[in-house]
Amino acid sequence: MRREDKQIKDLYDILQVVGECKICRLAMISEGKPYLVPLNFGFEYSQEQLILYFHSAFEGKKINALKENPGVCFEMEIDKGFIPSSRACKSGYAYRSVIGFGEAEFIDHPVEKAMALNKITQKQCGQLFDFSEKSLASVCVFKVKVSSFSGKQSDY
């Protein structure tokens, strides 16, 4: 990171940003070009491993891209507001963000799929659900095992 003064160095603080964010932007390569999608997500951090969970339809550009190349980059941020200035080019935003890299893996086992969906629903709406076999079979679920990540912040 070029600006070390903006780096979030404490792991707890980085995970707090992940916990507060509702949208994760997932970048991948589709047909040789960058492709970026905003997604709801869930996560867990266990045994020094960050895992992000996502759900999707079984078909589409995102799924095709992940099957072709599971390598991804992700970004999420907390917008803390615009900071105006009377001087040109001195205005800016206060924010906290996390960027990282990892590999996408599709989840097929019903027990793991239900756990992943509950990580998403718990994060997004604060609820856990019982999923029927039929509902589990109707949704594609995948996880990203994160290989590296960093946090950045600016109070501008």
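**View 1. Glutamate 31, in the loop between β2 and β3, is exposed**. With a relative accessibility of 69%, glutamate 31 counts as exposed, a word used for residues over 50% relative accessible area, whereas buried means under 20% and partly exposed lies in between (1.4 Å probe, protein chains only). Its backbone has a positive phi of about 55 degrees, although glutamate 31 is not a glycine. The model shown here and in the other views is predicted, so that local features need pLDDT of at least 70 and side-chain atom pairs count only at pLDDT 80 or more, while totals for chains, interfaces and linings use all residues. Residues are numbered from 1 along each chain as its sequence is written, and side-chain values use heavy atoms, with hydrogens and water left out.

**View 2. Glutamine 47 occupies the loop between β4 (42-46) and β5**. Phi of glutamine 47 is near 50 degrees, a positive value in a residue other than glycine. The relative accessible area of glutamine 47 is 77%, and this residue is therefore exposed.

**View 3. Lysine 62, in helix α2 (residues 61-68), is buried without a salt bridge**. Helices (H or I, at least four residues) and strands (E, at least two) are DSSP runs, numbered from the N terminus. A salt bridge is a side-chain nitrogen of Lys or Arg within 4 Å of a carboxyl oxygen of Asp or Glu; for lysine 62, the nearest side chain of opposite charge is glutamate 59, which is 12 Å away. Lys and Arg count as positive and Asp and Glu as negative, while His and the chain ends are not counted. When neighbours within four places in sequence are left aside, lysine 62 is in contact (heavy atoms within 4.5 Å) with Met28, Tyr35, Val37, Leu39, Ser56 and Phe142.

**View 4. Leucine 66 is a buried residue of helix α2**. Leucine 66 counts as buried because its relative accessibility is 2%. Not counting residues up to four places away in sequence, leucine 66 touches Met28, Val72, Ala104, Phe106 and Phe142. The C-alpha atoms of leucine 66 and alanine 27 are separated by 9.9 Å, although these residues are 39 residues apart along the chain.

**View 5. The largest nonpolar core has 26 residues**. A nonpolar core is a set of buried Ala, Val, Leu, Ile, Met, Phe, Trp, Tyr and Cys residues joined through side-chain atoms within 4.5 Å. The members that touch the most other members are Leu26, Phe41, Leu52, Phe54, Phe74, Met76 and Val144. At least two residues of this core are supplied by each of α1 (11-20), β2 (23-30), β3 (33-40), β5 (49-56), α2, β6 (71-83), β7 (92-107) and β8 (140-154). Leucine 26, again without its neighbours within four places in sequence, is in contact with Tyr35, Leu36, Val37, Leu39, Phe54, Val72, Cys73, Phe74, Phe142 and Val144. A second, separate core has 10 residues, including Ile107, Ala114, Ala116 and Ile120.

**View 6. The protein chain has four helices and eight strands**. From the N terminus on, its elements run β-α-β-β-β-β-α-β-β-α-α-β. Of the 156 residues of the protein chain, 37% count as buried, and among contacts between residues at least 6 apart in sequence, 70% join residues at least 24 apart. The C-alpha atoms fill a box of roughly 60 × 35 × 30 Å, taken along the principal axes.
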